[in-house]
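Biologist: Let's go through the ligand site and test the labels we use. I'll ask, you justify.

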Amino acid sequence: MHLFNIILSVSVFIVVQGDDDFLYDTFPEDFLWGTATSSYQIEGAWNVDGKGENIWDTFSHESGKVANNDTGDIACDSYNNYAEDIQLLKDLGVDFYRFSLSWARLLPTGRVDQPNQAGIDYYNTLINELLEEDIIPMVTLYHWDLPKDLYDQGGWENEEMVQIFNEYAIFAFELFGDRVKWWITFNEPYVFIVYGMGEGYHAPGLESPGEIIYTAAHTVLKAHAEAWHSYDELFRPTQNGNIGITLDTDWKEPLTDSPEDIEASERGMQFSLGWFANPIHGSGGYPAVMKEKIAEKSAQQGYEQSRLPEFTAEEEARILGTSDFFGLNHYSTAMVQGENTVAPEPSYLDDRDIITSVNETWIGCDFVYVVPWGLRNLLNWITNTYDRPNIYITENGMCDYNATLNDEHRVNYYRSYTNNVLKAIKLDGCDVRSYTAWSLLDNFEWAYGYDLRFGLHHVDFEDPARPRTPKASAEFIRQLVADNGFPEPEVKTQNLNQVKPKEFVRAKFRSGTQ
Ligand code: NOJ
């Protein structure tokens, strides 16, 4: 061994200080840590114990819709393995578990007049056993698995869905609200609407990128507001919980600092997040720039009126302020520049008048690029645009195509993203109150089936028992939660001049026989 190597091996004990980019600090004491899943992605048991069919059952059973024709028929089999999932949550030490209710498991036809007792029992057991382990249940009412019967009656294009969803929400508050204090009405309306009814690669597979998406979003916003009001008026006085909506967006970074690109970035943010956030958290109704652009393009495309519906003043007022918190899902960032074209076929992508790209130096996996500062910018944008709301990060995570347990890339993602959340809180003054790692388990990743994995725990989908194994990222999250962040490491310094090589090495060195 060369002396140089000896010194190097000594120097690994010296903690490097001055990593300017990393913030050593802890999160506020009442900060909440959690992890998440959703019913269709993990439960399986798609047709047992009286569960009704939903649009993801139908869609995945149709050949060619999902990679490898994978389905959620069994998924992680959490319907049967939920107790093991609770044990994993316990091992992680998280404060809460975010999961969703399968509407069709509770109400096979989607309507409250025919409840399914086995479904009610399943969620009662899950909630009770979580609480026994001191894990807070955070429950999403709608994570994309619409009962098929309701889709056959028009789905989110049907205005009646406002009341039907409201009745389902009341049914859930009545049954579980004595124990569930955190409710999320809808998960990522942008994604299930644009992918499911615009692009067609999610259920129900409609392709109406410039029309149905806007009318469906209109119904969803009203349905959300009614459920919030029902909770607020009928249940909050006795149950005293929180209810909100989870929205999602990439951060849209201007490509250059030109005024055009900065404006394009703002427009892009308004079209993705503002579409749902402005009616609820902002000034009310759709963002002005969406109204303008879509009206202008609709006229050029020969429509008599804008493809973007309008709220009445009364509706606008009823929707405004209907979220107790700002639920946020975030994964990635895009660079944005402006463009100005009118496509002959109406489309949401064209309506935005932006071009998005990624920086070629960014590393990533599929649609997730690792741009940790993007989350900090986004948190600041939300803070500035919506008057410093209390933000609950309800999803953030990293994928891969490998079944590896040594998921260093995911550890790096979590480390750098959570550190940027910490910076947003401590350095920028954003009011962020929770962080949720997506996902507790590898699971059914929608159109990607089981190819794309996001789990802290590996699931063997070849094995009927669906065994779960913690990955390196599970240990990372466990430590992060235990430390509540990144406490300053203990600094050990050593004067290299005083480091003495061991005697036998010194002898070898002197004799030249290394
Ligand atoms: C958002 C969705 O809520 C979740 O269902 C999905 O698996 C993750 N993002 C990853 O794509």
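Modeller: Start with tyrosine 331: an N or O atom in its side chain is 3.3 Å from a nitrogen atom of the ligand. Keep in mind that this is a predicted model.

Biologist: What makes the tyrosine 331 pair a polar contact?

Modeller: The cut-off is 3.5 Å between N or O atoms. The pair sits at 3.3 Å, so it counts as a polar contact.

Biologist: Which atom of the ligand pairs with tryptophan 438, and why is that a polar contact?

Modeller: An oxygen atom of the ligand, 3.2 Å from an N or O atom in the tryptophan 438 side chain. That is within 3.5 Å, so the label holds. Asparagine 187 passes too: its polar side-chain atom lies 2.8 Å from a ligand oxygen.

Biologist: How much of the ligand does the protein bury?

Modeller: 96% of the 300 Å² that the ligand exposes when taken alone. The space the ligand takes is the largest pocket.

Biologist: What surrounds the ligand?

Modeller: 13 residues, with Gln41, His143, Asn187, Glu395 and Glu445 the closest. By class, the shell has six nonpolar, four polar and three charged residues.

Biologist: Glutamate 395 also pairs with arginine 98. Why is that called a salt bridge?

Modeller: The rule asks for a side-chain nitrogen of Lys or Arg within 4 Å of a carboxyl oxygen of Asp or Glu. Here the closest N and O atoms are 3.0 Å apart, so the pair qualifies.

Biologist: How do you know that the pair links distant parts of the chain?

Modeller: Arginine 98 is in strand β3 and glutamate 395 in strand β13, 297 residues apart. The whole structure has 27 salt bridges.

How values were computed: Residues numbered from 1 in each chain as written. Predicted model: local features only at pLDDT ≥ 70, side-chain atom pairs only at ≥ 80, totals over all residues. Heavy atoms only, no water. Near = heavy atom within 4 Å. Polar contact = N/O pair within 3.5 Å; in protein donor to acceptor, adjacent residues only side chain to side chain. Areas by Shrake-Rupley, 256 points an atom, 1.4 Å probe, with all protein chains shown as cover. 1 Å grid on protein atoms, 1.4 Å probe; cavity = no way out; pocket = protein on both sides within 12 Å on 5 of 7 lines; lining within 4 Å. Sits in = over half its atoms within 2 Å of the grid points. Nonpolar A, V, L, I, M, F, W, Y, C, P; charged D, E, K, R; others polar. Helix = DSSP H or I, 4+ residues; strand = E, 2+ residues; numbered from the N terminus.
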